[in-house]
Amino acid sequence: MTGARRVAVIGGGPGGLYAAALLKRLDATREITVWERNAPEDTFGFGVVLSDETLGGIEHADPVVYRALQRDFVRWDAIDIVHRGRRHTSGGHGFAALGRRRLLQILHERCRALGVELRFRTEAPPPAHLTRTYDLVIAADGVHSATRKAYADVFRPTVTGHRCRYIWLAADFPFDAFRFEIAETEHGVMQLHGYPYARPSPDQHPSARPSGPQDRSASTVIVEMREEVWRAAGFDEMTEAESVERCAKIFADALGGRPLRSNNSAWTTFRTVVNERWSHGNLVLLGDAAHTAHFSIGSGTKLAVEDALALAACLTEQPSVPEALAAYETERKPVVASTQRAARASLEWFENLALYLDQPPRQFAFNLLTRSRRVTHGNLRLRDARFTDSVEREFGCPPGTPPMFTPFRLRGLTLRNRVVVSPMDMYCAVDGVPGDFHLVHLGARALGGAGLVMTEMVCVSPEGRITPGCTGLWSGRQADAWRRITEFVHRQSPGTAIGVQLGHSGRKGSTRLMWEGMDEPLPEGNWPLVAASPLPYRPGSQVPRQLSRAQLTDLREQFASAAARAARAGFDLLELHCAHGYLLSGFLSPLTNHRTDAYGGSLANRLRFPLEVFDAVRAAWPAERPMTVRISATDWAEGGTTAEEAVAIARAFAAHGADAIDVSTGQVVAEERPEFGRSYQTPFADRIRHEAGVPVIAVGAISSWDDVNSLILAGRADLCALARPHLYDPHWTLHAAAEQGYTGPAAVWPAPYRAGSRRPQTGRTDAPRPRLTLLPPHAAATAREV
């Protein structure tokens with residue numbers, strides 16, 4: 001156990017109070033002081049939602065606090081979504097809430113009972129003074145943390161504002177469920193988030209009832225809308241009372257005509273706080289001072305309480321304060337980052353709510369429920385199978401068919417399911433000719449059940465290769481080799497389509513094989529590079545030549561000739577590679593296109609050459625066969641392609657005849673900073689699908705069939721492309737079908753493999769349960785009394 005005998009806590013919110021109580025309970029000899037500049041009864045907001053996971057941690061750490069919370073909790077398990085006069089209810093979710101003021105009272109009482117000194121209406125001494133006079137200083141001073149600002153050079157915070165305004169209010173009645181209500185007004189779309197937090201039972205003892213008449217029966221009500229809607233509706237010029245009255249009128253149906261009340265409520269914008277470091281010497285950040293996560297996933301108080309639990313545990317387990325704070329940060333940072341990714345997805349969904357208003361009613365509800373990617377098709381089915389079945393029926397899933405196994409049509413091609421084997425460079429060709437490796441690699445994945453199998457990027461010229469091991473389609477010999485592969489797929493895996501991705505490396509060419517040094521120039525035998533502008537990919541890379549008008553014409557012809565060979569080789573679909581910093585992508589991004597002629601400058605000019613190439617390829621490609629385009633929807637770098645430009649790029653290709661947009665991101669500039677995470681690229685596909693009105697292929701860390709079902713059923717993507725999962729398991733799609741009990745036409749096992757279509761039995765790992773449990777005498781007596 002650490003030597004933290006004297007502990008100072010800055011901030012008397014739930015996180016700071018709970019940390020103080022835990023540390024005092026673990027060691028009664030500690031001297032712990034909490035400074036809170038407000039009065040004990042002052043608080044922002046109304047109700048607090050805690051998860052069962054958090055409550056379990058509290059129960060194990062401090063049963064006294066848990067029992068006090070349990071007496072006041074309001075529990076429910078349903079979510080109501082009301083949109084355009086229709087209410088859809090999904091059950092089985094499990095929520096617990098209580099008034100924030102009551103939560104603080106419980107923690108005040110526990111701190112006082114344990115001997116923690118609480119100083120209200122008192123500003124804490126400067127952190128520099130506290131760190132000299134205390135063994136440990138916990139900064140739990142909220143989203144506007146003065147401590148964080150004082151040590152900004154150490155913590156290196158990033159505070160990101162967002163597009164919506166919101167206000168915390170309350171209603172003096174309990175909602176029956178967590179309620180989301182959408183209001184389409186003349187000024188724009190607005191939304192209400194509401195949930196009960198106080199619902200006294202008639203047989204409850206008065207001492208156990210929520211204190212304060214305003215909390216006797218109540219719900220939290222948050223009203224939120226985009227900034228431009230807020231201003232158009234005149235809220236920016238209203239008083240607090242006028243805002244409250246106006247919100248009550250807008251959502252009169254949800255409130256049953258009852259009024260709303262405020263608590264010094266003000267319209268504000270949510271700020272996401274991220275810190276590179278959480279501790280400095282014996283000073284540590286906790287709760288909103290260290291991180292914030294949007295209220296739409298109900299995690300602010302939850303995260304603060306979990307921080308307190310982890311900090312107390314680390315201080316108990318580690319021999320010194322510095323080691324404890326390092327362990328605390330190591331433990332909590334990944335958890336918080338995951339929560340913040342989910343919260344970011346949720347808040348962006350609500351920011352872009354207007355995109356989804358015209359979805360079919362049940363799909364809209366499903367989309368809302370799965371917006372953060374934490375609730376998926378699979379666990380929503382476990383919670384409420386009836387609701388999920390109704391969404392699937394509306395979507396058009398045949399009985400017993402998961403969404404991923406519904407067919408999808410692109411021009412004259414019908415894909416039997418929604419799974420795509422994403423293009424993956426293999427670097428195993430000789431002189432651009434695909435060999436036995438490619439036959440086995442692509443053939444195995446075609447036998448594995450995917451609806452569409454894509455080749456790696458196939459280069460249109462020797463100079464357009466990334467590495468000496470890249471495949472091509474600049475010769476008849478290469479086309480013949482590809483035909484061997486397409487014929488195998490069509491013969492041995494009927495119903496599976498095979499597509500070719502055509503591209504040119506641009507400035508990212510003439511490099512070593514990936515496993516010999518990714519993006520490293522060849523030690524010898526380099527070929528000259530060309531690009532939109534003479535910019536090397538990274539320091540030490542070859543400087544490409546800027547393409548002349550005559551060279552642009554030659555390149556168009558190379559793409560068109562390769563497309564004609566691809567058609568003769570028997571491919572079912574062609575994708576034009578305009579992503580990842582390769583040649584055509586280099587024209588689209590302002591970071592890599594510095595031209596001053598008709599092919600540079602504005603987005604329309606930057607689009608000019610990629611569209612010329614698309615048109616040439618479309619003309620050479622059979623009219624009945626579909627074409628897709630892969631783009632990088634963001635460069636993950638300042639000054640790069642914006643989300644709005646990505647939508648415009650997609651629209652432009654669709655207007656020229658693209659049947660779908662394959663939405664990837666990044667790899668355009670070496671200095672990119674991607675925001676990695678599960679399904680992290682799918683929001684870009686989602687936005688393009690709804691704003692540009694074009695089918696999309698989602699890609700990027702989609703790793704489970706549950707994710708695929710969720711994305712398809714929510715209407716965020718039409719097809720899902722997976723790469724690494726298909727390297728791990730060539731039969732990923734067939735195994736997904738087996739695991740879901742699906743045996744229909746969208747996932748047909750090849751005849752020689754049918755004996756393996758059921759998961760093999762494994763050895764038993766669980767022991768037989770005892771048929772009778774004998775209780776010790778005192779426990780048996782207690783059981784009889786109960």
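## Exercises on a predicted model

β25 and β26 pair in the parallel sense over 5 bridges. The model is predicted. The exercises start from this strand pair and then move outward.

**Exercise 1. Place β25 among its neighbours: which strands pair with it, and in what sense?**

Step 1. Take the β26 side. The pairing is parallel, with 5 bridges. T628 stands opposite A660 of β26.

Step 2. Take the β24 side. Strand β24 covers residues 573-578, and it also pairs with β25 in the parallel sense over 5 bridges. Here V629 of β25 is the bridge partner of L576.

Step 3. Add the connection. β25, α22 and β26 form a β-α-β unit, and that unit is right-handed.

**Exercise 2. Sort the side chains of β25 by the way they point, and state whether they are buried or exposed.**

Step 1. Recall the rule. In a regular strand, side chains alternate between the two faces of the sheet.

Step 2. Apply it. M627, V629 and I631 point one way, while T628, R630 and S632 point the other way.

Step 3. Check burial. The cut-off for buried is under 20% relative accessible area. Of the 6 residues in β25 (627-632), 6 are buried. Both sets of side chains are included in that result.

**Exercise 3. Explain what the salt bridge between D659 and R411 ties together.**

Step 1. Get the distance. The closest N and O atoms of D659 and R411 are 3.0 Å apart.

Step 2. Locate the partners. D659 lies in the loop between α22 (643-655) and β26 (660-664), and R411 in the loop between β17 (408-410) and β18 (413-415), so the pair ties together parts 248 residues apart in sequence.

Step 3. Read the accessibility. D659 is buried at 14%. R411 is partly exposed at 34%.

**Exercise 4. Repeat the analysis for D27 with R5 and for D707 with R678.**

Step 1. Start with D27 and R5. Their closest N and O atoms are 2.6 Å apart. D27 sits in the loop between α1 (14-26) and β2 (31-36), and R5 in the segment before β1 (6-10), so the bridge ties together parts 22 residues apart in sequence. D27 is buried at 11% relative accessibility. R5 is partly exposed at 33%.

Step 2. Turn to D707 and R678. The closest N and O atoms lie 2.9 Å apart. D707 belongs to helix α24 (705-714), and R678 to the loop between β26 and α23 (682-692), so this pair ties together parts 29 residues apart in sequence. D707 is buried at 5%. R678 is partly exposed at 36%.

Step 3. Set these pairs in context. The structure holds 42 salt bridges. Salt bridges also link R163, E644, R687 and E691 in a network.

**Exercise 5. Test the length of helix α16, then find what covers its buried residues.**

Step 1. Compute the expected span. Helix α16 (436-447) has 12 residues, so at 1.5 Å a residue it should span 16 Å.

Step 2. Compare. The end C-alpha atoms are 16 Å apart, which agrees.

Step 3. List the buried residues. They are H438, L439, H441, L442, G443, R445, A446 and L447.

Step 4. Find the cover. It includes β19 (419-421), β20 (452-459), α17 (476-492), α25 (724-728) and α26 (732-739).

Step 5. Look just past the helix. G449 takes a positive phi of about 105°.

**Exercise 6. Describe the span that UniProt annotates at residues 404-737.**

Step 1. Read the record. An unreviewed UniProt entry places "domain: NADH:flavin oxidoreductase/NADH oxidase N-terminal" there.

Step 2. Add the geometry. The end C-alpha atoms of 404-737 lie 9 Å apart. The span is 37% helix and 16% strand.

Notes:
Residues are numbered from 1 along each chain as its sequence is written. This is a predicted model: local features need pLDDT of at least 70, side-chain atom pairs count only at pLDDT 80 or more; totals for chains, interfaces and linings use all residues. Side-chain values use heavy atoms; hydrogens and water are left out. A salt bridge is a side-chain nitrogen of Lys or Arg within 4 Å of a carboxyl oxygen of Asp or Glu. Helices (H or I, at least four residues) and strands (E, at least two) are DSSP runs, numbered from the N terminus. Buried means under 20% relative accessible area, exposed over 50%, partly exposed in between (1.4 Å probe, protein chains only). UniProt positions are given in the numbering used here, feature names are shortened, and annotations may be inferred rather than shown by experiment. Two strands pair if DSSP finds at least two bridges between them. A crossover is right-handed if, with the strands pointing away from the viewer, the path from the first strand over the helix to the second runs clockwise. The expected span of a helix is 1.5 Å times one less than its number of residues. Contact means heavy atoms within 4.5 Å.
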